[in-house]
Amino acid sequence: MKKLLLASLVVVLFAGMAMAQPADLTADVNVQVTVNGVWSITLDVAAVDFGTLEPGDIATPANVVATVRSNQKIPWGLQLNKDRDLTNDVALESIPSANFTYTGGGPGAGLWTNGEFFLAPTTAYLCAATEYKVAAGLALTTTLNLTIPAPAAAGLYTNVITYTLTATP
Amino acid sequence: MKNITAIILIILLSVSFALGQGALSINVWPSRVDISVVPGESRTGVISVDNKGKEKTQVLCYITDVGMDIYGELLFPEGGTLATSCESWFLVNPENFFLSQGTNQKIRYTLKVPDNASGTYLASIFFHTKPQEGAKNSGSRLSVRVGTLFVINVAGTGHKDGELSSLSLHNTVKATTAQVELGVLNKGNVLIRPKGTVEIKTNDGWTVDKLIINDDNQAVLPNSERIFRIPLVNIKPGNYNLVAMVDYGGAEILSGETMVNLVATEVPRHDWPIPQSKGPIKISGKAAKPIEPVVKLSPEEIKSLYSLATKQYTAGDYQSSLSTWQKLLKADPGNTTARKNMERTKTKLDALKKIKG
């Protein structure tokens, strides 16, 4: 019986001690999050197919949307280039550079330079100072315009267009 | 019933995930690396590349030099081409890899600075997707390329030196949209970011406008020249004095002035009278550059020259291409695309000369 009383007393004492803790006791919880670096370019299509056309035809313009994202505040530009003229590898003929051009558009506040595709990358879009950081993404639409020359030989004409995203020094 | 609902939900989620992705997409981090090193020092780092596109892709990694033409167009010639090249300092691994959809690759680079390095060096490590092999359609396959820019400063070895190289008017569409062109020559071995003003003054000393130079803090690379263009707005035709003051962060403020004649005309581009400096450009006591006479050619002749120069360039005949660009520009000095191409051709020629020794 004595033991039971003693045990009860100990329990009551501990309970009393616990209840006597100050009401404003606080504990800190460290919170942290890591945000990934974003420096990306996304094209909505992997190829542009102008379909089958007649010599002398003007192709329906094709749009390629390049979305640029950056969460670092840096000036950047979008450059375009081709690996070669649109070329028919069988007939060994190519479509002159002047017949295959691009024009830029979209919501950007920067500077578009429209024109032909060159072998060396050429700046198509230079971002405005307000676009140094475009974390939500800036959609830049390039419209590709093709005119088939009247004397073009029959066959398949292909090349590769590269979209380059680069920071400026 | 619960199982069916879950399956439908998973399908819907997958579809919406796929719709939110582009056909080609890569993310590279970091976008820019600024390093201060001492001669002989080594550094290592990691670049992360993510495939955020819909398909597995092959990525090629390579290093280029970073240059700039006279109007600020960025150039990425092969490593080892330019005086500011540091391509040979780098080792990167891996240089070629496949990335499945949603996966990531870490690329380790090691940078070893030579003992005799001084000033600022530039490089870009590019990550270039290989175009997808698809159906043989007529048209273009696409690829994307993202660069990490390296700006490497060798501590304690830089010196700043600059001068104004030109100050003139340049017509674009018509005289009321003419531009002031200010050339800055960086004679030092570090990047400079010149800022300043050009005042447009009447003959009796009244300032009619004050133009801000390089408001967005752009760089002029070491040992190179850059021309800044500032459009003129609402300036009436007439004779003016342009007065430039430029701070490039060096020991002195650069200054220069020249007289110009702004001509009102809307005739076709090839017939424009080019505003010429009336007297010598007074720039830091240096003599003005002579302005060459304008050669008149028809638009067809200009187009033909353009086509010829492009063909010569494509064929690798850079010397002939350069001559053709120069001939074209004498007749059509406002043709910015031709000017850019001429600068590229010069860069190619210089690179070839270096290779040939």
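Let's start with the contact between the two chains. In this predicted model, 45 residues of chain B are in contact with 45 residues of chain A. The area buried between chain B and chain A is about 3,800 Å². Carbon and sulfur atoms give 56% of that area.

What about polar pairs and salt bridges? Across the interface of chain B and chain A, the rule finds 28 residue pairs in polar contact, both partners at pLDDT 80 or more. For salt bridges across that interface, the count is zero.

Which elements of chain B build its side of the interface? Five of them each supply at least two residues. They are three strands, β1 (24–29), β10 (119–129) and β11 (139–154), and two helices, α2 (299–314) and α4 (336–356). The most comes from β11(B), with 10 residues. Now sort the side of chain B that touches chain A by class. There are 21 nonpolar residues, 15 polar ones and nine charged ones.

Stay with β11(B) for a moment. Strand β2 of chain A, residues 47–49, is joined to β11(B) by three bridges. The two strands run antiparallel. If you want one pair to click on, take Ala47(A): its bridge partner in β11(B) is Arg141(B).

Next, a sheet with strands from both chains. How many strands form it? Nine, and the sheet is open. Read the order with me: β9(A), β7(A), β11(A), β3(A), β1(A), then β1(B), β3(B), β9(B), β7(B). So β1(A) stands next to β1(B) in that order. The pairing is antiparallel. Where are the edges? One is β9 of chain A, residues 115–116, and the other is β7 of chain B, residues 90–93. Each of these pairs on one side only.

Look at the chain B edge. There, β7(B) pairs with β9(B), residues 104–112, over four bridges, in the antiparallel sense. Val92(B) in this pairing stands opposite Tyr109(B). A general reminder while we look at strands: in a regular strand, side chains alternate between the two faces of the sheet.

Now a second sheet, in chain B. Three strands form it, in the order β12, β13, β16. This sheet is open too, and the pairing is antiparallel. Its edge strands are β12 (162–170) and β16 (224–231), each pairing on one side only. Neighbouring strands here are turned by 20 degrees against each other on average, ignoring direction. Between β13(B), residues 179–186, and β16(B) there are eight bridges, and the two run antiparallel. For a landmark, find Val184(B), which stands opposite Arg226(B) in β16(B).

On to a hairpin. Strands β14(B) and β15(B) form it, with five residues between them. The strands cover residues 195–201 and 207–213, run antiparallel and are joined by six bridges. Lys201(B) has Thr207(B) as its bridge partner in β15(B). In the turn, Gly205(B) has a positive phi of about 95 degrees.

Last topic: backbone oddities. Most residues other than glycine have a negative phi, and most peptide bonds are trans. Which residue in chain B goes against the phi trend? Asn214(B) has a positive phi of about 55 degrees, and it is not a glycine. Asn214(B) is in the loop between β15 and β16 of chain B.

Then the cis bonds. The peptide bond from Trp29(B) to Pro30(B) is cis, with omega near 5 degrees. Pro30(B) lies in the loop between β1 and β2 (32–37) of chain B. The bond from Asn93(B) to Pro94(B) is also cis, with omega near 0 degrees. Pro94(B) has its place in the loop between β7 and β8 (96–99) of chain B.

That's my tour. Over to you.

Key:
Residues are numbered from 1 along each chain as its sequence is written. Chains are lettered from A and ligands numbered from 1 in the order in which they are written. This is a predicted model: local features need pLDDT of at least 70, side-chain atom pairs count only at pLDDT 80 or more; totals for chains, interfaces and linings use all residues. Side-chain values use heavy atoms; hydrogens and water are left out. Contact means heavy atoms within 4.5 Å. Buried area is the accessible area (1.4 Å probe) that two parts lose on being put together, summed over both. A salt bridge is a side-chain nitrogen of Lys or Arg within 4 Å of a carboxyl oxygen of Asp or Glu. A polar contact is a pair of N or O atoms within 3.5 Å; within protein, one must be able to donate a hydrogen and the other to accept it, and residues adjacent in sequence count only if both atoms are side-chain atoms. Ala, Val, Leu, Ile, Met, Phe, Trp, Tyr, Cys and Pro count as nonpolar, Asp, Glu, Lys and Arg as charged, and the others, Gly among them, as polar. Two strands pair if DSSP finds at least two bridges between them. Axes are lines fitted to C-alpha atoms, for helices over the stretch in contact, and angles run from 0 to 180 degrees between N-to-C directions.
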